[in-house]
Amino acid sequence: MIKAILIFNNHGKPRLSKFYQRYSEDTQQQIIRETFHLVSKRDENVCNFLEGGLLIGGSDNKLIYRHYATLYFVFCVDSSESELGILDLIQVFVETLDKCFENVCELDLIFHVDKVHNILAEMVMGGMVLETNMNEIVTQIDAQNKLEKSEAGLAGAPARAVSAVKNMNLPEIPRNINIGDISIKVPNLPTFK
Amino acid sequence: MPAPIRLRELIRTIRTARTQAEEREMIQKECAAIRSSFREEDNTYRCRNVAKLLYMHMLGYPAHFGQLECLKLIASQKFTDKRIGYLGAMLLLDERQDVHLLMTNCIKNDLNHSTQYVQGLALCTLGCMGSSEMCRDLAGEVEKLLKTSNSYLRKKAALCAVHVIRKVPELMEMFLPATKNLLNEKNHGVLHTSVVLLTEMCERSPDMLAHFRKLVPQLVRILKNLIMSGYSPEHDVSGISDPFLQVRILRLLRILGRNDDDSSEAMNDILAQVATNTETSKNVGNAILYETVLTIMDIKSESGLRVLAINILGRFLLNNDKNIRYVALTSLLKTVQTDHNAVQRHRSTIVDCLKDLDVSIKRRAMELSFALVNGNNVRGMMKELLYFLDSCEPEFKADCASGIFLAAEKYAPSKRWHIDTIMRVLTTAGSYVRDDAVPNLIQLITNSVEMHAYTVQRLYKAILGDYSQQPLVQVASWCIGEYGDLLVSGQCEEEEPIQVTEDEVLDILESILISNMSASVTRGYALTAIMKLSTRFTCTVNRIKKVVSIYGSSIDVELQQRAVEYNALFKKYDHMRSNTNPSVTVITIQASNSTELDMTDFVFQAAVPKTFQLQLLSPSSSVIPAFNSGTITQVIKVLNPQKQQLRMRIKLTYNHKGSAMQDLAEVNNFPPQSWQ
């Protein structure tokens, strides 16, 4: 069973925290701090498995983590989960986020933490793995987002316009053309007045 | 009132805060705004406000006042509201609040909603935080959804059922009929969660386990299809078809095959197939192999298969990927008891892992190394482990030292080797040795009688240079106290005896006593050792007496008590020291009084024949209390150089009932041993 899924940055600021076992608010924050403390000490070339800290259940539980650029993805699991399997799961999770947010970065997680929760809910439920097929997950998320958008009514008009432009598929225009030593900067498209 | 700000705005604002205090202020301001907005019962913006509240909750700020609002969102008709409402319920609510029960009705309705995503939300929330009461109420709905043809809902219902079973184990029977067709599914998501459900049921109930054994052929078939099916873009992860499902099935097979010959036999072939055909260049392949190995080791597999499994683990040990090495060591640790010989073959690789840079790997390699020590390899292994003890991180030293002591005790090839090993541990990791090891070591040394001189000499040399490592000093002090006579007499056979004087020995013991590096317990050992030497040393007894009396006024209560008691030994019982002059006889008299009144001013006098010399030491008191409630003791020393028969005339004078009394007697019946 997965006890908790935590995402925090290199300074320990939480970007997502989901607990599948009951802990009080204070304990939750302590667990985040303790986990960050344990994981940030690790070298880059050591294995991705750690014994869990005291708060999360000690040596029966393991912390399985992956470090991507500025973010740590930490899954705290008990002995019924396969360590290598969870590593793959983290990979699938990150790839799914990448697909949903288009080249995901930390800012996406910061501003859309509710969406990240929704994606996670399609993958892990009650501490158990629900779905591992990335395309399946993305399809379901898209459908639900569409449902939300259709309810948004007038207030959703600006958002719909933005996503419409995004999906417009404008041809790629290079910003700089280099011909030998001459560098010509292509001017921006004129704005509508 | 202006519209509440969007979540994005809030996040942007909070990110501009430069200090924790500034952030707290912003949060408090926003919380106040949210609270008033809640009070206004505004439906339009409730969703937005709760979303903000959840964000602040993640940062660690209290958000309990939003709990009821989550419920209102769940009850709303809009999907957007429900989504945030259920998320809020999962993050903010738990069984300890009564509020959560109010959700039950909403969830029940939503489980029957026309939109599958709403049903999905309800299943998800119930499966995450449903209490036992909620589970009891809604189990029927979950069971219904377990039989639906909608694969999206079916897979969620399966995991929800697992949660229900965990909360209310008695309901497990209820889900049994629905499990009949679960494995016939084509959808991998449903297959996966079904296997999880079956696994949970088998783990909880031996009856279920027996019942589901008949599924083994079907599981084997599914697994076979997965490996043989060739490329399937839907389920492909790095070239392997749905590794997650493969791992799950392997795990269920393990549970079903355990302790059951028939099932184990049915899965032998497929396990061999997976073990040999799986591509190992990526992590996914290794994850499957790892699970296969664990299954092979756990069921009643044939020996060829077991050897194959251990060899796979051996290959893992040589893998560049640290994660693989880590899991290999973990699994070998689990199998070393049952397949000891097979694991022994990989001993040298395991010992190499002791030199790995990764702390987790080192720890496992250490535990495994200790498990592999036996009578044949003990010398070689100990060399490696002692080297490890020298160079490892402090967090390992205590465990390593204890492990070495245990292994040495079990497999020591000779007493000398044993003592040497102990010495090496004490000098290398002396401060990390556990406290309970000290008495054990002392016991061990006591039993190796022929090694006493060697041991005390080596220990003496060890603490001469450095007496900061407490366990080492404690053991050394004890040995010096016990065998100090051997030390100064230079009797060592095993190695070159050293020249040590009594004073030098006392020097070192006294330094230990005064040093502020010495713990209180260590000082106790040192003081006792000094005291014991008073019977083993001949020239320095006065020095010892002086030292002991100084500590009679030590601040440390433990030391003070010891010193006072030792002082008493010097004073009162000095006569009991071993007699250097064998022709002196020591006689102790005891006088008691059975009358109703005390006898006071009691004086005992004695006279002996001319060839004898008599020495009367002071009596313990001059009053004998009445009714046999106390005695007077007095010691007489008689020098009898000609070994003649001892005779004595004694005179007792005392006051009793107000008058002076006198008693005369002759004693001729001393036992022959006292004067021969």
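**Close-up views of the predicted model**

**Figure 1. Strands 3, 6 and 5 of chain B form an open, antiparallel sheet of three strands in the order 3-6-5.** Strand 3 (584–592) and strand 5 (613–616) of chain B are the edge strands, each pairing on one side only. On average, neighbouring strands of this sheet are turned by 25° against each other, with direction ignored (axes are lines fitted to C-alpha atoms; angles between N-to-C directions run from 0 to 180 degrees). Strand 5 of chain B runs antiparallel to strand 6 (residues 631–639) of chain B, and four bridges join the two. Within this pair, Gln615(B) has Lys637(B) of strand 6 of chain B opposite. Strands (E, at least two residues) and helices (H or I, at least four) are DSSP runs numbered from the N terminus, and two strands pair if DSSP finds at least two bridges between them. The model is predicted: local features need pLDDT of at least 70, side-chain atom pairs pLDDT 80 or more, while totals for chains, interfaces and linings use all residues. Residues are numbered from 1 along each chain as its sequence is written, chains are lettered from A and ligands numbered from 1 in the order written, and side-chain values use heavy atoms, without hydrogens or water.

**Figure 2. A further open sheet of three strands in chain B has the order 4-7-8, with antiparallel pairing.** Strand 4 (599–607) and strand 8 (659–667) of chain B stand at the edges; each has a single partner strand, so one side of each lacks a neighbour in the sheet. From one strand to the next, the twist averages 15°. Nine bridges connect strand 7 (residues 648–656) of chain B with strand 8 of chain B in the antiparallel sense. Lys651(B) faces Leu664(B) of strand 8 of chain B across this pairing.

**Figure 3. Strand 1 and strand 2 of chain A form a hairpin with four residues between the strands.** Strand 1 (residues 2–9) of chain A runs antiparallel to strand 2 of chain A, with five bridges joining them. Leu6(A) stands opposite Ser17(A), which belongs to strand 2 of chain A. In this hairpin, Gly12(A) adopts a positive phi near 90°. Strand 2 of chain A is mostly covered, six of its six residues being buried (under 20% relative accessible area; exposed is over 50%, and partly exposed lies in between, with a 1.4 Å probe and protein chains only).

**Figure 4. The lining of the largest cavity includes residues from chains A and B.** This cavity holds about 200 Å³ of space, and the count comes to six cavities of 30 Å³ or more. The lining has 20 residues; those nearest the centre are Ser17(A), His117(A), Leu54(B), His57(B) and Leu91(B). Two or more residues each come from strand 2 (14–19), helix 1 (25–40) and helix 4 (113–123) of chain A, and from helix 3 (43–59) and helix 5 (79–92) of chain B. Helix 3 of chain B provides the largest share, five residues. By class, the lining comprises twelve nonpolar, five polar and three charged residues (nonpolar: Ala, Val, Leu, Ile, Met, Phe, Trp, Tyr, Cys and Pro; charged: Asp, Glu, Lys and Arg; polar: the others, including Gly). A cavity is a set of points on a 1 Å grid over the protein atoms alone where a 1.4 Å probe fits but cannot get out, and lining residues have an atom within 4 Å of a point. Points are joined across faces, edges and corners, and the volume is the space filled by probe spheres set on them.

**Figure 5. The second largest cavity encloses about 160 Å³ of space.** Of its 15 lining residues, Glu81(A), Gly85(A), Phe244(B), Val247(B) and Arg248(B) lie nearest the centre. Helix 2 (83–101) of chain A and helix 13 (243–257) of chain B are the elements that give two or more residues to this lining. The greatest contribution is that of helix 13 of chain B, with five residues. Seven lining residues are nonpolar, four are polar and four are charged.

**Figure 6. Aromatic pairs number twelve over all chains.** One of them, Phe19(A) with Tyr23(A), is edge-to-face, at 5.7 Å centre to centre and 70° between the planes. Both partners are buried: Phe19(A) has a relative accessible area of 10%, and Tyr23(A) has a relative accessibility of 12%. The rings of Tyr68(A) and Phe73(A) have centres 5.6 Å apart and planes at 85°, so this pair is edge-to-face. Tyr68(A) is partly exposed at 23% relative accessible area, whereas Phe73(A) is buried at 4% relative accessibility. One aromatic cluster is formed by Phe8(A), Phe36(A), Tyr65(A) and Tyr72(A). Rings of Phe, Tyr and Trp (its six-membered ring) pair if their centres lie within 6.5 Å; planes under 30 degrees apart count as stacked, over 60 as edge-to-face and the rest as tilted.

Note on methods: On a 1 Å grid over the protein atoms alone, a cavity is a set of points where a 1.4 Å probe fits but cannot get out, and a pocket is an open set with protein on both sides within 12 Å along at least five of seven lines; lining residues have an atom within 4 Å of a point.
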